[in-house]
Amino acid sequence: MSEFFIQEKQLSNVTRTIVKDEDGKSLFLLVGRWGTRGDALSLYAMSGELVAQIKQTSFAFGSRFELYKGFKKVGVMRKILNINADFYYIQGLHWTVLGDIKNHQYSIHQVSKKIMEMNKATLFSGDYFSLVVTNDEDAPICICVAAVLDYWLYNKKKQGGKPMMGWGACEG
């Protein structure tokens with residue numbers, strides 16, 4: 001089990017985002033953008049190796065995202081519903097994402113096994129998102145999922161909280 005930290009308001013920005021461990025060591029670099037078909041966020045190890053990607057494949061309400069581990073497609077993420085909580089399903093991995101996206105508190109499960117939990121954390125150097133991942137091997141995909149949820153939240157806010165009918169470019 002490992003904990004990863006991403007500075008708040010950096011996760012969904014168009015700029016490069018650094019993912020660090022609990023000691024402040026840089027582990028991953030997240031780059032990319034949203035807005036046109038085929039746009040993607042790519043997660044690289046600090047060595048330069050591509051470790052994960054998430055690509056937007058549809059733009060209508062209920063957008064879909066393809067998840068890749070390295071260059072291999074491992075799942076498709078879809079928003080299922082939003083009544084009292086946000087609920088997503090990742091086909092292929094059989095993961096469910098459930099929580100309060102607005103407050104950046106959610107978890108990912110596979111049946112009854114917890115994959116990841118995300119919360120806000122305040123550290124000496126600022127406000128961060130804390131991602132606690134049960135299996136380090138799942139961390140790259142979990143980071144990509146967190147980026148999509150953060151992006152969705154901030155773009156929803158820009159539209160005054162109205163239901164989104166599509167995705168626009170994310171601005172910093």
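## Strands, salt bridges and core of a predicted model

The structure is a predicted model, in which the chain averages a pLDDT of 80 and 76% of the residues score at least 70.

Student: Over which residues is the pLDDT below 50?

Tutor: Some caution is needed in this part of the model, because where pLDDT is low, the predicted coordinates should not be read in detail. The stretch in question has 40 contacts in the model beyond near neighbours in sequence, and its pLDDT is below 50 over residues 158-172.

Student: How many bridges pair strand S11 with S12?

Tutor: Strand S11, residues 113-123, pairs in the antiparallel sense with strand S10, residues 105-110, over five bridges, and within that pairing Tyr106 has Met118 as its bridge partner. On to S12, residues 126-133, a hairpin leads from S11 through two residues, and Leu123 has Gly126 as its bridge partner there. The pairing of S11 with S12 is also antiparallel, and the number of bridges is eight.

Student: Which residue in the turn of the hairpin formed by S10 and S11 has a positive phi?

Tutor: Two residues lie between S10 and S11 in this hairpin. A positive phi deserves attention here because most residues other than glycine have a negative phi. The residue lies in the loop between S10 and S11, has a phi near 60°, and counts as exposed because its relative accessibility is 79%; the residue is Val111.

Student: Is His94, which has a positive phi, buried, partly exposed or exposed?

Tutor: His94 lies in the loop between strand S8 (86-91) and strand S9 (95-100), and its phi is near 60°, a positive value in a residue other than glycine. Since exposed means over 50% relative accessible area and buried means under 20%, the value of 48% for His94 places this residue in the class partly exposed.

Student: Which residue forms a salt bridge with Lys73?

Tutor: The structure holds three salt bridges, and in the one made by Lys73 the closest N and O atoms are 3.3 Å apart. Lys73 counts as partly exposed because its relative accessibility is 42%, whereas its partner counts as buried because the corresponding value is 16%. That partner is Glu66.

Student: How many residues apart are Lys69 and Glu137, whose side chains meet in a salt bridge?

Tutor: The side chains of Lys69 and Glu137 meet at 3.7 Å, N to O. The pair links distant parts of the chain, with Lys69 in strand S6 (residues 64-69) and Glu137 in the loop between S12 and helix H1 (139-158). Lys69 is partly exposed at 31% relative accessibility, while Glu137 is exposed at 54%. In sequence, the two are 68 residues apart.

Student: What is the N to O distance in the salt bridge of Glu117 and Lys114?

Tutor: Glu117 is partly exposed at 32% relative accessibility, and Lys114 is also partly exposed, with a relative accessible area of 35%. A salt bridge requires a side-chain nitrogen of Lys or Arg within 4 Å of a carboxyl oxygen of Asp or Glu, and for the side chains of Glu117 and Lys114 the N to O distance is 3.2 Å.

Student: With which side chain does the side chain of Ser107 make a polar contact?

Tutor: Ser107 is found in strand S10 and counts as buried because its relative accessibility is 12%. Not counting residues up to four places away in sequence, Ser107 touches Thr96, Val97, Leu98, Met116 and Glu117. Its side-chain polar contact, at 3.5 Å, is with the side chain of His109.

Student: Which element gives the most to the largest nonpolar core?

Tutor: In soluble globular proteins, nonpolar side chains tend to be buried together. Here the largest nonpolar core has 38 residues, and those with the most contacts inside it are Leu43, Met77, Leu131 and Val145. The element that gives the most to this core, with 10 residues, is H1.

Student: How far apart in space are Leu30 and Ala45, C-alpha to C-alpha?

Tutor: Leu30 has its place in strand S3, residues 26-32, and counts as buried because its relative accessibility is 2%. Leu30 and Ala45 are 15 residues apart in sequence, and from C-alpha to C-alpha the distance in space is 9.0 Å.

How values were computed. Residues are numbered from 1 along each chain as its sequence is written. Side-chain values use heavy atoms; hydrogens and water are left out. Two strands pair if DSSP finds at least two bridges between them. Helices (H or I, at least four residues) and strands (E, at least two) are DSSP runs, numbered from the N terminus. Buried means under 20% relative accessible area, exposed over 50%, partly exposed in between (1.4 Å probe, protein chains only). A polar contact is a pair of N or O atoms within 3.5 Å; within protein, one must be able to donate a hydrogen and the other to accept it, and residues adjacent in sequence count only if both atoms are side-chain atoms. Contact means heavy atoms within 4.5 Å. A nonpolar core is a set of buried Ala, Val, Leu, Ile, Met, Phe, Trp, Tyr and Cys residues joined through side-chain atoms within 4.5 Å. pLDDT is the predictor's confidence in each residue, from 0 to 100.
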